Number of protein chains: 2
Amino acid sequence: MDKIKVILVDDHKIFRDGFRMLLQSFSFVEVIAEASNGNEFLSLIEDHSADIIFMDINMPQLDGVEASQKALEKYPDLKIIALTTFLDDDYLEQMLMAGVEGYMLKSAEIEEFEKAIVKVYEGGNYFSDEIVSLLSDKLNMLRKKRKKKDDLPEFTDREKEVLELICKGYGNKQIAEATFLSIKTIEKHKSSLFQKTGTYNTVNLVIYAFKHQIIKF
Amino acid sequence: MDKIKVILVDDHKIFRDGFRMLLQSFSFVEVIAEASNGNEFLSLIEDHSADIIFMDINMPQLDGVEASQKALEKYPDLKIIALTTFLDDDYLEQMLMAGVEGYMLKSAEIEEFEKAIVKVYEGGNYFSDEIVSLLSDKLNMLRKKRKKKDDLPEFTDREKEVLELICKGYGNKQIAEATFLSIKTIEKHKSSLFQKTGTYNTVNLVIYAFKHQIIKF
DNA sequence: ATGCGAAGTAGGGAAAACCCCATTGTACAT
DNA sequence: ATGTACAATGGGGTTTTCCCTACTTCGCAT
């Protein structure tokens, strides 16, 4: 079996040296190239076909987030494992959205790296426990924030029905046709919605609905 | 040290029986109660102070999602570990948003449950690898969908300016005042926006903007 | 049994949004 | 220099939205 070809991207030479040694100690891994920032990496992948990229996030010139995005745009099958030092990481969401296959701390145990490489190489993904915890915490924060804001008023059935249609982009006339009611009635229901939500026209109402997640995308 | 007090919620008695036995085999765990659906669980927690809840998701009467939401509303410090059978789970996001501390497959290994209980009891959280993979896949799907849709038209500076104000809920008059232009001009810019986006009124335009993430919440 | 409030149904008229069309200015190419 | 393209600015007139008011129905409490 061929060795798994790995590229290292990190701005600290010392870290790369240490990490390369660690990886080479796995018999099934070969470090085929290194880059010290995003730009260097992007030109590098033109000439090398790697299986897995270990990508630092904080780097000068072009950081890991943008480098990953650009690389994946051109080579969507690239498998990237993001590396981060601390847990106060604001880039987590961005990096996940960029489409990385793994995310772990530089301080992880040797066995973790081994596990991660194998899993990602086989088409899976790997996230260290700390990262998962962090993500979960962020979700919780989000939830609490929403909860606080959500003293939503109560809507009647008709109002909910009308609001749904409004948020689909229907005008009063179309809503009237869809519900077999007169335009005037629709207008009244909208008026009630305005009052209950503290808005004063349709656009505001739609914005309100989106912000309070009453409607789904 | 006291035993960790656990409540089981699942509609299948056989599963509860087997799972209880499994848990009791850990010397540090005590199953103090069981419920066969969400409603039963909600009345149960009034009388029991549990450390950890194992909560099935698909249940008759009141499912795991709503039960968890309601329970956590009343007792925010409750620690819930969600259990699911299959991986085709549409409730994943909802359950995470509800604020569960863990999420795992019923088919998990014994050691996994042990690990999960300890971690969650100590204030952490636990998600099985399969769940994490699923979540990551969903994120990837989301990303790809956004990418595909994002052949957004190009807007002129004025148009962007007007669009921003529209999405703040401003009417034509207010936008005109804010930009020192005539209402008619604003109307024309909006008209251009309609054409470029394929929409035909302000409400539709706002919806378009939200869906394509042109504006931020 | 009756009264009272809340939801659902509309009309008339004012205000805002929208469509078709015209003018000006600017950049860029021939 | 001149034509083409397009952004930016607006006017006139129609359509839609919005506000104020009114009537009916239904549940529910006195």
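In this predicted model, a polar side-chain atom of Thr202(B) sits 2.4 Å from a phosphate oxygen of DNA strand C. Chain A also reaches the backbone of this DNA strand. A polar side-chain atom of Thr185(A) is 2.5 Å from a phosphate oxygen of DNA strand C. For His189(A), an N or O atom of the side chain lies 3.2 Å from a phosphate oxygen of DNA strand C.

DNA strand C is surrounded by 18 residues. The closest are Thr156(A), Arg158(A), Lys184(A), Thr185(A) and Thr202(B). Helix 9 of chain A and helices 8 (172-179) and 9 of chain B each supply at least two residues of this surface. By class, the surface near DNA strand C has three nonpolar, eight polar and seven charged residues. Sugar or phosphate accounts for 61% of the atoms of DNA strand C within 4 Å of the protein, and bases make up the rest.

Now DNA strand D. Here 18 residues lie around the strand, and Thr202(A), Thr156(B), Arg158(B), Lys184(B) and Thr185(B) come nearest. Helix 8 (172-179) and helix 9 (183-197) of chain A, with helix 9 (183-197) of chain B, each give at least two residues to the surface. That surface holds three nonpolar, eight polar and seven charged residues. Of the atoms of DNA strand D within 4 Å of the protein, 61% are sugar or phosphate and the rest are base atoms.

Polar contacts to DNA strand D:

| Residue | Protein atom | DNA strand D atom | Distance |
|---|---|---|---|
| Arg158(B) | side-chain N or O | phosphate oxygen | 2.6 Å |
| Asn172(A) | backbone N or O | phosphate oxygen | 3.1 Å |
| Lys184(A) | side-chain N or O | base nitrogen | 3.3 Å |

Next, the sheet of chain A. Six strands form an open sheet in the order 2-1-3-4-5-6, with parallel pairing. Strand 2 (29-35) and strand 6 (126-127) of chain A each have a single partner strand, so one side of each has no neighbour in the sheet.

Strand 1 and strand 2 of chain A pair in the parallel sense over six bridges. Val9(A) faces Ala35(A) of strand 2 across this pairing. Strand 1 of chain A is mostly covered, with five of its six residues buried. At the other edge, strand 5 (residues 102-105) and strand 6 of chain A pair in the parallel sense over two bridges. Gly102(A) stands opposite Tyr126(A) of strand 6.

Helix 1 (residues 13-24) of chain A lies across strand 1 (4-9), strand 2, strand 3 (52-56) and strand 4 (79-84) of chain A. Helix 1 runs at about 165 degrees to strand 2 of chain A.

Key: Residues are numbered from 1 along each chain as its sequence is written. Chains are lettered from A and ligands numbered from 1 in the order in which they are written. This is a predicted model: local features need pLDDT of at least 70, side-chain atom pairs count only at pLDDT 80 or more; totals for chains, interfaces and linings use all residues. Side-chain values use heavy atoms; hydrogens and water are left out. Two strands pair if DSSP finds at least two bridges between them. Helices (H or I, at least four residues) and strands (E, at least two) are DSSP runs, numbered from the N terminus. Contact means heavy atoms within 4.5 Å. Axes are lines fitted to C-alpha atoms, for helices over the stretch in contact, and angles run from 0 to 180 degrees between N-to-C directions. A residue is near a molecule or strand if one of its heavy atoms lies within 4 Å of it. A polar contact is a pair of N or O atoms within 3.5 Å; within protein, one must be able to donate a hydrogen and the other to accept it, and residues adjacent in sequence count only if both atoms are side-chain atoms. Ala, Val, Leu, Ile, Met, Phe, Trp, Tyr, Cys and Pro count as nonpolar, Asp, Glu, Lys and Arg as charged, and the others, Gly among them, as polar. Buried means under 20% relative accessible area, exposed over 50%, partly exposed in between (1.4 Å probe, protein chains only).
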